[in-house]
Amino acid sequence: MIYERPVDNCMSKLPMPLFASEANAESHHRIANSLQLVASMISLESTQIHDDRARQSLKMAGVRIQAIAGVHRRLYSAPEVDCLDLASYLTSLTEELGPLCLPSLNSGKLVADLRPVTVRPETATSLGLIVAEAVVNACKYAYSDGRRGDIVIQVTRATADHGRLSISDTGRGMPAGARALTSGFGGRVIDLAAERIGASICYEDNRPGTRLVVQFPAHPPI
């Protein structure tokens, strides 16, 4: 005879919305930790690579993973799981990009001028990837001639249901036209990330330098 004792599961006594919230938070926490582990392994592997292009490619792969992990870290502690403070997330992402990019700015700065805008998590993920790609691209090419300069990331509200993101530099500019900036792998990542969330992108002459402008969907202000 097998005796089965009823299991006193305290989680089952929680109200369903609270239980779902706790489960979502735990899920985001585990995803963030797993992604962070993958990023750390890639970073470690990059130190063993002697080819500069291969090493930079691995580092950039780690940056992309960290950008996605950052969204899950924010969702883990957010009071609501269907929206995210974009300014807070991009501030953290900018700090992570600093060590990778600052040496290329020749004593310049990575500046974040971010106004509060609330977006859906998938929007934040795509915008994080766009910022990472654009900043690394600017660090790689804008000041390669040795000049000193800054990279400025700005977020503002454009309309009631749209925000505006821009990443600008004061470097070499666009000698071959805007299309040259979108022909590489990083440009394709930016295009795909923007398309995923229904955002529009354009490249502008910053006189001097280049500015990438992204118009993206956002939650209306409260």
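Q: In this predicted model, is Val-135 buried or exposed?
A: Val-135 has a relative accessible area of 0%, and a residue counts as buried when this value is under 20%. The place of Val-135 is in helix 4, and by this reasoning the residue is buried.

Q: Which residues does Val-135 contact, leaving aside its neighbours within four places in sequence?
A: Contact here asks for heavy atoms within 4.5 Å, and neighbours within four places in sequence are set aside for Val-135. Gly-98 is 37 residues apart from Val-135 in sequence, and their C-alpha atoms are 9.6 Å apart in space. The residues in contact with Val-135 are Leu-97, Cys-101, Leu-110, Ile-151, Ile-153 and Ile-167.

Q: Why does Glu-133 count as buried?
A: Glu-133 is placed in helix 4, which covers residues 121-141, and beyond four places in sequence it touches Met-60, Arg-64, Gly-186, Val-189 and Ile-190. The limit for a buried residue is a relative accessible area under 20%. Glu-133 counts as buried because its relative accessible area is 5%.

Q: Which residues does Val-189 touch, not counting residues up to four places away in sequence?
A: Val-189 lies in helix 5, residues 185-196, and with a relative accessibility of 15% it counts as buried. Its C-alpha atom is separated by 7.4 Å from that of Ile-130, although their positions lie 59 residues apart along the chain as the count of separation. Not counting residues up to four places away, those that Val-189 touches are Arg-64 and Glu-133.

Q: Which helix gives the most residues to the lining of the second largest pocket?
A: The second largest pocket has a volume of about 270 Å³, and of the 16 residues that line it, the closest to its centre are Ser-43, Lys-59, Gly-62, Val-63 and Gln-66. The elements that contribute two or more residues to this lining are helix 1 (16-46), helix 2 (52-77) and helix 3 (86-101). With six residues, the element that gives the most is helix 1.

Q: How many charged residues are in the lining of the second largest pocket?
A: The lining can be divided by class, and in this division eight residues are nonpolar and six are polar. The charged class is made up of Asp, Glu, Lys and Arg, and in this lining the number of charged residues is two.

Q: Over how many bridges do strand 6 and strand 7 pair?
A: Strand 7 (residues 210-217) pairs with strand 5 (residues 162-169) in the antiparallel sense over seven bridges, and within strand 7 Leu-212 stands opposite Ile-167. Strand 7 also pairs with strand 6 (residues 200-205) in the antiparallel sense, where Ser-200 has Gln-215 as its bridge partner. For strand 6 and strand 7, the number of bridges is six.

Q: Which residue is joined to Arg-207 by a cis peptide bond?
A: Strand 6 and strand 7 form a hairpin with four residues between them, and Arg-207 in the turn has a positive phi of about 50°. Arg-207 is exposed, with a relative accessible area of 70%. The cis peptide bond of Arg-207 has an omega of about 5°, and its partner, which lies in the loop between strand 6 and strand 7, is Pro-208.

Q: How far apart are the closest N and O atoms in the salt bridge between Arg-211 and Glu-204?
A: Side chains of opposite charge can pair when their charged atoms come close. Arg-211, at 21% relative accessibility, counts as partly exposed, and Glu-204, at 28%, is also partly exposed. In the salt bridge that Arg-211 forms with Glu-204, the separation of the closest N and O atoms is 2.9 Å.

Q: How many salt bridges does the count come to?
A: Among them is the pair of Arg-115 and Asp-113, with the closest N and O atoms 2.7 Å apart; Arg-115 is partly exposed at 44%, and Asp-113 is partly exposed at 28%. Another salt bridge joins Glu-122 and Arg-120, with the closest N and O atoms 2.8 Å apart. By the rule of a side-chain nitrogen of Lys or Arg within 4 Å of a carboxyl oxygen of Asp or Glu, the count of salt bridges comes to three.

Note on methods:
Residues numbered from 1 in each chain as written. Predicted model: local features only at pLDDT ≥ 70, side-chain atom pairs only at ≥ 80, totals over all residues. Heavy atoms only, no water. Buried < 20%, exposed > 50% of the residue type's maximum accessible area, 1.4 Å probe, protein only. 1 Å grid on protein atoms, 1.4 Å probe; cavity = no way out; pocket = protein on both sides within 12 Å on 5 of 7 lines; lining within 4 Å. Points joined across faces, edges and corners; volume = space filled by probe spheres on them. Pairing = 2+ DSSP bridges.
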